[in-house]
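Reader: I'm new to this one and would like a close look at a single part. Could you walk me through the loop that follows the opening helix, and whatever it pairs up with?

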Amino acid sequence: MRPTSLSALVVAALAAAAAGWLLLSSFYAQMPRLPWLPIIVLAALAIAEAVLAQNTSARIQHKPGAPRVDPLAVARFAVLAKASSLAGAIFAGFSAGLLAWLALEPTKAATDDVPAAIGGVVASLALVGAALWLERACRVPKQPDQKDGDDSGRRAGRP
């Protein structure tokens, strides 16, 4: 599995920002206030993935006191991280598009929705950061070369 591409995250965020802008500019009069629940969920996911990244990193690096790592669990964490980084980038772009439109709208309702849009951008960027950290924590550490260690097995029988 390849690492998440930052360019793919940026493209997804830009496409979502355009969609957010168009959606809000077309239907803002019929929409209710922006909700806070998705922001709280994204922030909780970001915290959970950050804790998971720290724990997984310690276990893979065999730090003292850290239990053994389950390879299947690490593979699942890597998949979770890839999905979360893309979802976070899409939500960040969407929230940024909403925020840009709300910042230009002079109404009181738009001004009241700005904090929720800012919260959406911050929480989703935190999720992207935690997901990328978790993905990095799931990498297998490089093994030291055998040249520095015991290489008697390769040189046996040669003068």
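Author: Happy to, and let's start with the wide view. In this predicted model, residues 24 or more positions apart account for 86% of the contacts in the protein with a separation of 6 or more. Keep that in mind, as the loop gives two examples of partners that sit far along the chain. The protein has 5 helices and 0 strands, so the elements simply run α-α-α-α-α from the N terminus on.

Now zoom in on the loop between α1 (6–27) and α2 (37–60), which is where you'll find Y28. The structure holds 1 aromatic pair, and Y28 is half of it, with W101 as the other ring. Their ring centres are 5.1 Å apart and the planes meet at 55°. Why is the pair called tilted? Planes under 30 degrees apart would count as stacked and those over 60 as edge-to-face, so what falls in the rest is tilted, and 55° lands there. W101 belongs to helix α3 (residues 71–104), so this pair ties together parts that are 73 residues apart in sequence. Both partners are tucked away: Y28 is buried at 13% relative accessible area, and W101 is buried too, at 12%.

Stay in the loop and move along to R33, which joins D113 in a salt bridge, 3.7 Å from N to O. Side chains of opposite charge can pair when their charged atoms come close. D113 sits in helix α4 (residues 108–137), so here the loop is tied to a part 80 residues away in sequence. Which of the two is buried and which is exposed? D113 is buried, with a relative accessible area of 2%, whereas R33 is exposed at 56%.

For contrast, look at the other end of the scale in α4. The structure holds 2 salt bridges, and one of them links D112 with K108, whose closest N and O atoms are 3.1 Å apart. These two both lie in α4, 4 residues apart, about one turn of the helix. D112 is partly exposed at 30%, and K108 is exposed at 62%.

So, back to your loop: Y28 pairs with W101 of α3, and R33 pairs with D113 of α4.

Technical notes:
Residues numbered from 1 in each chain as written. Predicted model: local features only at pLDDT ≥ 70, side-chain atom pairs only at ≥ 80, totals over all residues. Heavy atoms only, no water. Phe/Tyr/Trp six-rings, centres within 6.5 Å; stacked < 30°, edge-to-face > 60°. Buried < 20%, exposed > 50% of the residue type's maximum accessible area, 1.4 Å probe, protein only. Contact = heavy atoms within 4.5 Å. Salt bridge = Lys/Arg side-chain N within 4 Å of Asp/Glu carboxyl O.
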